[in-house]
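Please open the model in your viewer and keep the sequence panel beside it, since each stop on this tour begins with a selection.

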Amino acid sequence: MAREEYFKWAESLLDPSKTFDKPEALADIKIVELCTLILGPSLPSYLSELGATVFKVELPGMGDTMRSLTPFAKFFNGAALGWLKEARNKYHLAIDVRVPEGVELFKELVKRADVVVENLRAGTMDRWGIGYRQLREINPGLIYIALNGFGQWGPYLERPSYDAIAQSESGMAWISGFPDQLPMKAGIWLADYYGGLVGAVGVLAALAYRDKTGKGQFIEYSQAENLMRAMDWTWLYQHFTGKMRERYGNRDVSICPADIVPDKDGQMVAIGAATDQQFQGLCQAMGKPELAQDPRFATHLERLKEENAVELLSMIRAWVAEKTYAEIDELAGKYGFGAHKVANGKDHFEDEHLRARNFTYYVDDPIYGELYEEGIAPKLSETPGRIKWAGKPVGFDNEYVLKRFLGLKTKKIKYLKEKNVIGKWVDVPPGRKPPEGWDGKSGVLLV
Amino acid sequence: MHMEKEKSWGDWIYELDNPEKNREKPEALDHITVLDVSYANMAGCFATSTLAEFGATVIRIEPPGGDPARTFTPWGYLHKDTGLGYLNEGRNKFHVTLDLESEEGREIFLKLAKRADVVVETFLPGTMDEWGIGYRQLKELNPGLIYCALYTYGQFGPKAACGKADVDVVDQAYSGVVSVSGEPVFDPDNPKPSEVPTKQGNWMGWYAGGAWAAVSILAAIHYRHNTGKGQFIDVSPAEAYGRCINYGITYYYGFKETIPRVGNYDVGVFPYTYFRCKDGFAFLSGFADPNWKALCTIINRPDLQEQFPTIFERLNVDNMKIMYKEIEKWTMAHTYDEIFDAVMDYNKNIGEGVVVPGRISSPMDTMKAENWWVRMALETIDDPHYGEVTIANHAHKMTESPPRVKWVCRPVGADNYYVYAKMLGYGPKRLEELKEKGVI
């Protein structure tokens with residue numbers, strides 16, 4: 001009963017339907033983004049969900065290359081899905097920062113901002129006169145983060161990078177996948193998305209420091225190094241044993257049992273028990289409670305030994321092969337071990353639980369229409385995360401931002417347009433312009 | 001000032017953010033106290049390691065027998081009684097024991113929490129509440145408290161009460177990432193056991209969960225700085241990792257299809273994959289039109305560019321296989337170093353479009369590469385208890401308040417005397433009594 005009451009309380013405290021009645025944690029923070037692809041853009045996207053105002057600056061015309069990135073070249077209402085994922089909540093500006101008047105506009109934005117995020121090659125911003133060296137002179141409280149593959153100095157300075165390079169050079173790809181297959185790149189841009197996420201930790205830690213001292217700072221960030229930090233016991237293991245960490249398929253060699261195996265219908269199901277208690281539950285569910293007393297399996301350290309682990313995992317594989325996922329799911333709840341089927345986009349779309357939690361998030365966007373996205377990960381009771389709009393075409397918010405935040409006169413804005421210092425989308429390639437059938441005004445601010 | 005401006009960007013910033021100087025600089029979070037009662041869960045431990053690396057005082061509370069997470073280690077390998085996964089995430093924390101299942105243990109926890117800024121826990125939802133030490137009770141004593149609970153299914157929603165355990169492999173499976181990772185079946189009549197959806201080798205679900213927890217806690221700290229208000233944070237590691245998906249839900253919503261598993265290809269970018277070469281594997285890319293042209297120039301195959309001129313041709317999986325074979329003909333005729341030099345030479349001297357090269361490095365080769373040591377991504381430190389250890393640092397190099405590792409871990413209950421004396425004024429006599437009762 002007590003638990004039931006707890007869940008009622010938690011639900012009322014965190015109720016996503018109340019999201020827009022509540023304030024935002026970072027409502028006072030303004031971020032200027034000069035980024036392409038994912039590593040850079042994801043960081044302000046995460047912080048925008050928590051309330052930060054983000055000005056995404058692109059070059060007029062083509063804008064961010066990411067606007068082309070979509071599976072099998074399929075665009076959704078004229079938007080690339082890869083771009084759509086990180087375009088949320090941002091103001092989309094197109095300023096040519098390679099010309100002096102563009103530099104001036106950029107600096108005016110930065111003067112009023114708290115954070116700058118960029119992911120260009122090391123030194124590019126400095127060369128353009130809008131690097132940290134110049135910007136801290138006009139805004140000493142500025143927090144400036146530069147994200148890329150290998151950092152701003154060091155032996156790999158000259159090397160360009162991508163997500164997949166960070167996955168391979170860190171050693172992460174090597175330890176993922178099956179022994180009889182090639183090292184495996186994650187099926188997602190892991191080093192980018194997870195890079196932007198941990199990059200955000202640095203920005204917020206710097207914000208905490210600025211809240212105390214008033215001082216801004218520069219943060220340098222390598223996505224390959226970030227993956228190395230997430231490779232759990234790899235470095236200690238190699239340090240102590242001199243042996244190399246290999247790849248072991250779906251089996252976790254440091255937690256036993258933990259594996260992904262097919263059920264009766266061929267559905268792949270993850271099964272895990274991380275404590276003795278969870279393991280005892282699993283044994284009961286398997287109808288073999290005596291296994292938990294078997295000296296080979298009674299303690300976790302015994303279960304982890306290679307021959308015991310192999311034996312145990314093969315018993316579990318045989319057991320799961322006789323059950324449906326629905327049966328396993330029910331037993332896992334009853335006996336308290338871990339189990340979930342390998343979920344895909346369809347499962348997430350249909351999952352009532354994820355919908356109720358605003359992970360599977362419905363957006364009714366004025367430009368791109370109705371859509372569902374991977375939405376809000378953390379649920380905060382006082383300042384819940386949210387998606388306000390899905391994204392905008394290149395340069396869509398120029399007039400609004402220049403007027404509202406920089407106070408430019410209409411005449412000046414017109415002049416900047418005529419001189420091509422600011423601009424809008426091109427029609428080709430796709431992904432830059434508003435979708436077919438756009439009425440020319442939906443989503444426009446300050447019409 | 002004038003002199004300073006003449007320095008190259010790299011030299012200028014290196015002087016300011018060189019990690020060798022980290023330990024001389026102030027810490028961002030040295031005003032924050034965190035209680036970490038994570039149990040058998042590395043997502044919680046990673047969240048608090050991160051806060052501790054940025055300077056927070058983290059008090060890691062384990063049951064008197066130690067956290068089962070101390071046994072999460074490959075094949076049971078222990079270093080001084082501690083598993084390697086846990087050893088890696090004990091950074092800068094004070095380790096105390098406290099039996100939260102006992103009345104006295106809970107009273108002590110309440111006293112500690114009254115003066116803490118952050119609590120992190122990973123029990124099944126409602127456990128702490130049932131013990132009278134959940135957020136509902138703590139916020140009455142400490143309204144500014146930020147309380148973060150991590151669990152696969154979260155604290156509310158239809159599955160929150162399911163009772164299933166939070167294990168990394170399960171978080172990875174539920175996240176959706178596993179469904180798009182791994183080799184596709186080559187021959188449907190003879191599928192190999194390895195041609196299945198595949199997880200990341202590391203605890204990626206837990207790490208993503210811990211990272212989102214750290215981000216949310218820090219956002220909440222900023223909000224508290226502005227308003228004085230604390231709050232409750234619910235993080236599911238499965239959702240945290242699922243947020244890293246390129247485009248799963250929208251693709252299904254838009255096209256009523258799921259993203260297939262394509263091994264080391266990428267359904268949104270080609271070429272962007274690993275190729276076999278004479279002495280290993282090389283990564284090559286050339287996606288945007290100018291970059292594709294650059295790659296075709298480097299491998300001297302202008303015909304390929306003519307045959308597949310736009311992304312619409314290049315993102316067709318059948319065409320990918322053709323292009324892959326053709327590009328591989330060139331890579332197989334060269335060593336990795338030859339490929340790297342050819343590409344970098346093009347980028348430097350011709351430079352119309354960019355091709356990005358890289359090597360698939362084993363973690364042992366990664367550990368031997370000088371770059372990571374120069375940048376202090378890897379560091380060997382001398383721990384007072386555990387001796388010489390090699391760890392990866394957080395990637396952030398910062399000019400004012402960088403993260404750092406001071407010690408790697410502590411044994412079970414090693415800091416009981418210090419923490420209980422400092423926080424509650426308990427001396428050896430009182431601690432001895434508590435020990436006899438099994439509370440610590």
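Begin by selecting E370(A), which in this predicted model is partly exposed, with a relative accessibility of 43%. E370(A) belongs to strand β11 of chain A, residues 369-374. Show its surroundings next: leaving aside neighbours within four places in sequence, E370(A) is in contact with F76(A), Y362(A), V363(A), D364(A) and D365(A), and also with Y253(B) from the other chain letter. With Y362(A) the side chain of E370(A) makes a polar contact of 2.6 Å. If you then add N77(A), you will find its C-alpha atom 9.9 Å from that of E370(A), although the two positions lie 293 residues apart along the chain.

From there, turn to the charged pairs, of which a search of the whole structure finds 62 salt bridges over all chains. Select K388(A) and E24(A), whose closest N and O atoms are 3.0 Å apart in a salt bridge. This pair links distant parts of the chain, 364 residues apart, with K388(A) in the loop between β12 (379-380) and α17 (398-404) of chain A and E24(A) in the loop between α1 (2-14) and β1 (30-34) of chain A. Colouring by accessibility separates the partners: K388(A) is partly exposed at 32%, whereas E24(A) is buried at 16%.

Which chains does the salt bridge between R229(A) and E53(B) cross between? Select both residues, and the pair runs from helix α9 of chain A (residues 223-229), where R229(A) sits, to helix α3 of chain B (residues 42-53), which holds E53(B). Their side chains meet at 2.8 Å, N to O. R229(A) counts as buried, with 1% relative accessibility, and E53(B) is likewise buried at 1%.

For another setting, select E302(A) and K305(A), whose side chains form a salt bridge with an N to O distance of 3.0 Å. Here E302(A) is partly exposed at 26%, and K305(A) is partly exposed at 40%. Then display E49(A), E86(A), R88(A), E373(A) and R243(B) together, because salt bridges that share partners join these residues into one network.

The next stop is the nonpolar interior. Of the 211 residues in the largest nonpolar core, L26(A) and Y194(A) touch the most other members. Centre the view on L26(A) and, not counting residues up to four places away in sequence, you will see it touching L47(A), L50(A), G51(A), A52(A), L204(A) and L207(A), together with A219(B) and H222(B). A second, separate core has 42 residues, including L13(A), L100(B), F156(B) and I440(B).

Finish with helix α16 of chain B, residues 336-349. Its 14 residues should span 20 Å at 1.5 Å a residue, and the end C-alpha atoms are indeed 20 Å apart, which agrees. Select its buried residues, Y336(B), I339(B), F340(B), V343(B), M344(B), Y346(B) and N347(B). These cover an arc of only 155° around the axis, so they lie on the same side of α16(B). What do the buried residues of α16(B) pack against? Show α7 (163-169) of chain A, and with it β9 (272-277), β10 (280-285), α12 (289-298), α15 (317-332) and β11 (358-359) of chain B, which are the elements they meet. On the other side of α16(B), K348(B) and N349(B) are exposed. Just after the helix, select G351(B), which takes a positive phi of about 65°.

Methods:
Residues numbered from 1 in each chain as written. Chains lettered and ligands numbered in written order. Predicted model: local features only at pLDDT ≥ 70, side-chain atom pairs only at ≥ 80, totals over all residues. Heavy atoms only, no water. Salt bridge = Lys/Arg side-chain N within 4 Å of Asp/Glu carboxyl O. Helix = DSSP H or I, 4+ residues; strand = E, 2+ residues; numbered from the N terminus. Buried < 20%, exposed > 50% of the residue type's maximum accessible area, 1.4 Å probe, protein only. Core = buried A, V, L, I, M, F, W, Y, C linked by side-chain atoms within 4.5 Å. Contact = heavy atoms within 4.5 Å. Expected span 1.5 Å × (residues − 1). Arc of directions from axis to C-beta. Polar contact = N/O pair within 3.5 Å; in protein donor to acceptor, adjacent residues only side chain to side chain.
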